[in-house]
Structures are given as structure tokens and as C-alpha cells.
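Thanks for coming. I will take a few minutes to walk through one structure, so please have it open in front of you.

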Amino acid sequence: MTAKVIPLDWFEPDISLISEAAQIIRRGGLVAFPTETVYGLGANAMDEDAVLSIFRAKGRPADNPLIVHVHSLDQLDGIVSSVTPLAEKLMHNFWPGPLTLVISSRKSLPSVVTAGLDTVAVRMPSNPIARELIRISGVPIAAPSANRSGRPSPTDAGAVFQDLAGSIDLILDAGPTYVGVESTVVDVTGQEIILLRPGGTSLEALERIAGPIKNSSSLEESKRSPGTRYRHYAPLVPLILWEEGESFLQDLPCDPGKAGYVGMVQPEKDLSENIIFKDIESYARGLFSALRDLESRGVQIIIAQLPPSKGIGRALRDRLKRASGD
Ligand code: TXA
Ligand code: MG
């Protein structure tokens with residue numbers, strides 16, 4: 001099979017086309033769709049076989065649980081068992097948007113979704129196409145990023161097609177996503193909030209609303225977000241990290257004419273392919289497609305600037321470190 005691609009207008013999507021996608025979800029199929037962060041690969045979260053086919057299509061390890069996407073707070077009833085006041089506060093302030101909450105799960109949720117954990121990750125996306133797709137499907141949608149496991153996340157439909165065209169039914173194509181890195185994941189099962197994955201909602205914004213947040217590095221390995229254990233987001237060629245203030249890689253492991261660079265400041269060396277972003281938001285929005293772009297231009301290595309660790313820079317540093325195997 002080759003996935004059908006349906007172009008959609010970001011702001012005024014044709015509802016009959018979204019209904020076609022919703023039919024596929026209801027019948028147990030797989031649909032890639034845009035969210036504000038990255039493209040997701042969606043299936044009916046309550047259909048065990050459909051969820052299993054997400055893992056097959058991505059080549060994803062079965063012990064890495066999925067995020068369940070909801071359209072309304074009512075939809076949470078069938079998925080989560082108890083919502084703490086702290087979780088409610090975060091929902092109230094940050095949903096819809098790029099924040100995923102790890103909450104106690106309900107037994108009725110197929111255990112493949114949560115990889116057997118007694119918690120479930122839930123999020124309400126803000127992208128209108130994602131929202132309509134979930135609403136019309138009438139079921140919560142389990143969706144990881146729509147890339148082959150280990151590859152950079154897809155921020156446009158072309159990247160989804162490159163990785164998954166042969167193994168999914170449909171791609172809803174609404175052009176590039178806005179945030180560009182995945183949602184922030186926090187555990188809100190206890191008294192305090194634990195940051196499991198930095199992402200599109202900044203730590204500063206969360207702390208302004210909810211006070212100090214603990215970092216998962218202080219947790220034992222098994223309790224951290226399972227997905228953060230794997231090498232991820234990786235281009236096909238080696239990725240080397242460089243931070244402003246450090247000397248710029250004196251001895252490159254290859255001819256500078258065969259090296260690519262991505263960052264916000266000009267590299268001090270003359271490299272063959274450079275992708276420069278004007279600010280941190282554009283860097284976040286464009287990083288994953290820049291990695292795919294540079295590898296397709298045939299470079300032998302990629303050098304990427306590590307941005308300062310604040311705001312969305314935290315998420316970028318996390319993705320870059322894991323992409324480089326650091
Ligand atoms: O922005 C996003 O979050 C995108 C879009 C499509 O919504 N989705 C996404 O999904 O990034 P994925 O599967 O690539 O990443 C989900 C992360 C993984 O690190 C996974 O381990 C973690 O969430 N996760 C899921 N369920 C969890 C749970 N019950 N406890 C702890 N971590 C969990
Ligand atoms: Mg992913």
C-alpha cells in the first residue's frame with residue numbers, strides 16, 4: 001500500500017475530508033495528521049489491534065508508551081482514573097496546547113497504549129485539524145510522532161511520507177507545523193510535578209503557574225519517561241554538537257566541503273551546507289527538517305549549535321543531545 005495524501009487548508013479545513021480520515025480511524029486504520037508540534041501517527045486508542053499496528057509501522061519498541069490525544073475534557077473519563085487538582089490546574093492553563101500530562105490510567109484502556117504502566121500520557125492538541133479529527137472520530141486517538149522509530153520527528157507531510165508511506169493508510173497534509181518540537185511531558189500523579197521531557201511548553205511558563213518543577217534526572221531510570229532511554233531524532237550521518245563560546249571544531253573528521261551546519265550563528269569555518277535560523281523559535285520549528293534536508297544534500301557529518309538552556313532551548317538541547325548519541 002502507498003498512503004493517500006490529502007492536502008488541507010490549515011485554518012479552513014474541508015470537514016468532509018477530515019471525516020474520511022475519521023472513518024479510517026474508526027475502522028482501525030492509521031492516519032498521520034498535523035498537530036501544533038509535529039505530525040502524529042494516529043489510531044483509535046481503544047482498539048488494541050489498531051494501536052499495535054502503530055508500533056509495527058514505526059518499528060517502535062513495545063515498552064515505549066504512547067500519548068493519547070483528546071478533543072474535550074469529557075473524553076478523559078474513559079482513559080484516566082483520577083485527576084489531581086494539580087493536573088486540573090495545568091489542563092486549565094495550558095490546554096489545548098503542547099503539554100502532555102502523565103496521569104493514573106483506567107483499566108479499560110488497552111495496555112498496549114501504556115506499555116503496561118498504570119499511568120497514561122494525555123494531551124489536548126491546539127491544532128484545529130487534529131481537534132476536528134478527534135472530535136469526528138468520536139474516540140481518543142493514540143499518536144506518537146509519525147516517523148520511523150529513531151529518526152527525526154516529522155514537521156511536514158513530506159517527512160511522514162518518506163518514513164511511513166508504505167505502512168499507513170492516509171496522511172493529512174496541512175503544511176509545516178508551528179512549534180516544531182514535541183510536547184513537554186510532565187508526571188502529575190503525585191504532589192509535585194516532574195518534568196519527563198522538555199518540549200513546546202517552557203519550564204518557565206509551567207513554573208509561573210505551578211511553582212517549582214522537579215527534573216526527572218533525579219528519578220531512578222525505570223520511572224523516567226520510557227521513550228527518553230533510546231537514541232532518537234537521529235540523522236543518517238554523525239551529528240556533532242557545538243556551543244557558542246567553545247572553539248569551533250578545529251579538526252573536523254571530514255573535509256569541510258562535505259560538512260553541513262545548522263544553528264543560529266554563522267559557523268566560523270567555511271562549510272559546504274549551512275542552515276541558519278534567525279531566532280530560537282525558528283530554530284525549534286526548523287531543526288528536524290534541517291537535519292533531514294542536510295542528509296539529503298549528501299553531507300558526511302552535521303554540526304549543530306546547542307542553544308542556551310532556557311525557554312524552548314531546553315527542548316532543543318535535549319533533542320540534539322539524543323540525536324548525537326550524547
Ligand atoms: O507533541 C507530541 O507530543 C507528539 C504529537 C504527535 O502529539 N507526540 C509525541 O509522541 O511526541 P512520542 O510517542 O514520540 O513521545 C511520547 C513520549 C515518549 O517519551 C514516551 O515514553 C512518553 O511520552 N510517555 C508516554 N506515556 C507515558 C507514561 N505513561 N509515563 C511516562 N512517559 C510516557
Ligand atoms: Mg517520537
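**A walk through the model**

I begin with a loop: Ala-115 lies between helix 4, residues 111–114, and strand 7. Before going further, note that this is a predicted model. The phi angle of Ala-115 is near 55°, which is a positive value in a residue other than glycine. With a relative accessible area of 26%, Ala-115 is partly exposed.

Another backbone detail sits in the loop between helix 3, residues 85–94, and strand 6, residues 99–105, where we find Pro-96. The peptide bond leading from Trp-95 to Pro-96 is cis, and its omega is near -10°.

Next, helix 6. Which residues of helix 6 are buried? They are Ala-157, Ala-159, Val-160, Asp-163 and Leu-164, in a helix that runs over residues 157–164. These buried residues cover an arc of only 160° around the axis, so they are on the same side of helix 6. Several elements cover them, including strand 2 (31–34), strand 3 (39–44), helix 2 (48–58), strand 9 (170–173) and helix 8 (280–296). The N-terminal end of helix 6 is capped by Asp-156, which has a side-chain oxygen 3.2 Å from the backbone nitrogen of Gly-158.

Now to a sheet. Four strands form an open sheet in the order 13-16-14-15, and their pairing is parallel. The edges are taken by strand 13 (239–243) and strand 15 (273–276); each has a single partner strand, so one side of each has no neighbour in the sheet. From one strand to the next, the twist averages 20°. Helix 8 packs on this sheet and touches strand 13, strand 14, strand 15 and strand 16 (301–306). The direction of helix 8 makes about 175° with that of strand 14. Strand 14, residues 259–263, runs parallel to strand 15 and is joined to it by four bridges. As for the partners, Val-262 is matched with Ile-275 in strand 15.

That leaves the charged pairs. Side chains of opposite charge can pair when their charged atoms come close. How many salt bridges are there? The count comes to 15.

Take Glu-36 and Arg-123, whose closest N and O atoms are 2.8 Å apart. This pair links distant parts of the chain, 87 residues apart: Glu-36 is in the loop between strand 2 and strand 3, and Arg-123 is in strand 7, residues 119–123. Are these two buried or exposed? Glu-36 is buried at a relative accessible area of 7%, and Arg-123 counts as buried at 2%.

A second salt bridge joins Arg-319 to Glu-182, again with 2.8 Å between the closest N and O atoms. Arg-319 is in helix 9 (313–323) and Glu-182 is in the loop between strand 9 and strand 10 (184–187), so the pair ties together parts that are 137 residues apart in sequence. Arg-319 and Glu-182 are both buried.

A further salt bridge is formed by Asp-279 and Lys-278, with their closest N and O atoms 3.9 Å apart. Asp-279 is partly exposed, with a relative accessible area of 27%, while Lys-278 counts as exposed at 72%. There is also a network: Arg-151, Asp-163, Arg-292 and Glu-295 are joined by salt bridges that share partners. Asp-163 came up earlier, among the buried residues of helix 6.

That is the end of the tour.

Technical notes
Residues numbered from 1 in each chain as written. Chains lettered and ligands numbered in written order. Predicted model: local features only at pLDDT ≥ 70, side-chain atom pairs only at ≥ 80, totals over all residues. Heavy atoms only, no water. Buried < 20%, exposed > 50% of the residue type's maximum accessible area, 1.4 Å probe, protein only. Helix = DSSP H or I, 4+ residues; strand = E, 2+ residues; numbered from the N terminus. Arc of directions from axis to C-beta. Contact = heavy atoms within 4.5 Å. Polar contact = N/O pair within 3.5 Å; in protein donor to acceptor, adjacent residues only side chain to side chain. Pairing = 2+ DSSP bridges. Axes fitted to C-alpha atoms, helices over the stretch in contact; angles between N-to-C directions. Salt bridge = Lys/Arg side-chain N within 4 Å of Asp/Glu carboxyl O.
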